[in-house]
Amino acid sequence: MRFIINGNSVEVEADIRTSLLDVLRDHLGLTGSKKGCNQGACGACTVLVDGERINACLGLAVQYEGREITTVEGLGTLGSLAPLQQAFIDHDGFQCGYCTPGQLCSAVAMMSEVERGVPSQVTRDLDVDAIAFSREEVRERMSGNLCRCGAHNGIIDAIESVYGEASR
Ligand code: FES
Ligand code: FES
């Protein structure tokens, strides 16, 4: 199978039944994406496929052949963190860090959904040109990413500090 992962073209030989998450972690050594529940309930495995967020544990890698995949390793690097990564540090958006890669990838796609006017369960007015950025919207839209450490307030603060400003 061939993919573009974090901007690099990669080829993997794997059993056709292998999940995308297992290909990333076990075949390519991209262990940033985490395996929490392995059944679509926690969001720890969230990655971007062509900019859309997906749970990598739920999809077979072969479904995403030829697509552009971004993992947390592609968002920023140690010496050059993405603004959202820095914001998670500044706002105590994590404790153990296990959910963090998924939170980061999910937040990037979440903001793109808001910008494109994709409504959520709590969007009240579907007639507006631009959906208002609010904590309620962020909480709802990030509800698929669970944090067992209970860092959700810091996570929302971090997201708001980066994207709240951008949306004003
Ligand atoms: S590991 Fe994929 S949703 Fe939990
Ligand atoms: S920081 Fe520990 S699970 Fe979120």
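# Exercises on a predicted model

At 1% relative accessibility, Cys-105 counts as buried, and this value, like those that follow, comes from a predicted model.

## Exercise 1: Cysteines

Determine how many disulfides the structure holds, and examine the surroundings of the cysteine sulfur in Cys-105.

*Solution.* Begin with the general chemistry: a disulfide is a covalent bond between the sulfur atoms of two cysteines. To be counted here, a pair of cysteine sulfur atoms must lie within 2.5 Å. For the sulfur of Cys-105, the closest cysteine sulfur belongs to Cys-45 and is 10 Å away, which is too far for a bond. The count for the structure is 0 disulfides. As a further step, consider the accessibility of Cys-42, which at 10% is buried, the cut-off for that class being under 20% relative accessible area.

## Exercise 2: The two sides of helix 2

Work out which residues of helix 2 are buried, and how they are arranged when seen down the helix axis.

*Solution.* First list the buried residues of helix 2, which are Leu-84, Gln-85, Ala-87 and Phe-88. Seen down the axis, these buried residues fall within an arc of 160 degrees, and they therefore line one face of the helix. The general geometry behind such a pattern is that an α-helix has 3.6 residues a turn, so residues three or four places apart point the same way. Then turn to the face directed away from the buried side, where the exposed residues Pro-83 and Asp-90 are carried.

## Exercise 3: Positive phi outside glycine

For Asn-38 and Asp-92, state the phi angle, the place in the fold and the accessibility class.

*Solution.* The starting point is that most residues other than glycine have a negative phi. Asn-38, although not a glycine, has a positive phi of about 60 degrees; this residue lies in the loop between helix 1 (20-27) and strand 3 (46-49), and with a relative accessibility of 37% it is partly exposed. Asp-92, also not a glycine, has a positive phi of about 50 degrees, and it takes this angle just after helix 2, in the loop between helix 2 and helix 3. With a relative accessible area of 60%, Asp-92 is exposed.

## Exercise 4: Charged residues, buried or exposed?

Decide whether Lys-34 and Glu-113 are buried or exposed, and identify the residues in contact with each, leaving aside neighbours within four places in sequence.

*Solution.* Lys-34 is found in the loop between helix 1 and strand 3, and its relative accessible area of 18% makes it buried. Beyond the sequence neighbours set aside, Lys-34 is in contact with Leu-21, Arg-25, Ala-44, Cys-45, Tyr-98 and Pro-101. A separate distance brings in Gly-97, which is 63 residues from Lys-34 in sequence and 9.9 Å from it in space, C-alpha to C-alpha. Glu-113 has its place in helix 3 (residues 100-115) and is buried, with a relative accessible area of 12%. Under the exclusion stated in the task, the contacts of Glu-113 are Glu-52, Arg-53, Val-118 and Arg-141.

## Exercise 5: A nonpolar surface patch

Identify the residues that make the nonpolar surface patch, and locate Leu-81.

*Solution.* The patch, of about 240 Å², is made by Leu-81, Ile-89 and Phe-94. Leu-81 is found in the loop between strand 5 (68-70) and helix 2 (83-90). To check its eligibility, note that patch residues need over 30% relative accessible area; Leu-81 has 34%, and is partly exposed.

How values were computed:
Residues are numbered from 1 along each chain as its sequence is written. Chains are lettered from A and ligands numbered from 1 in the order in which they are written. This is a predicted model: local features need pLDDT of at least 70, side-chain atom pairs count only at pLDDT 80 or more; totals for chains, interfaces and linings use all residues. Side-chain values use heavy atoms; hydrogens and water are left out. Patches are made of residues with over 30% relative accessible area and no salt bridge: like charges are joined within 9 Å, nonpolar side chains (Val, Leu, Ile, Met, Phe, Trp, Tyr) within 5 Å. Accessible areas come from the Shrake-Rupley method with a 1.4 Å probe; for residues, only the protein chains shown count as cover. A salt bridge is a side-chain nitrogen of Lys or Arg within 4 Å of a carboxyl oxygen of Asp or Glu. Helices (H or I, at least four residues) and strands (E, at least two) are DSSP runs, numbered from the N terminus. Buried means under 20% relative accessible area, exposed over 50%, partly exposed in between (1.4 Å probe, protein chains only). Contact means heavy atoms within 4.5 Å. The arc is that of the directions from the helix axis to the C-beta atoms.
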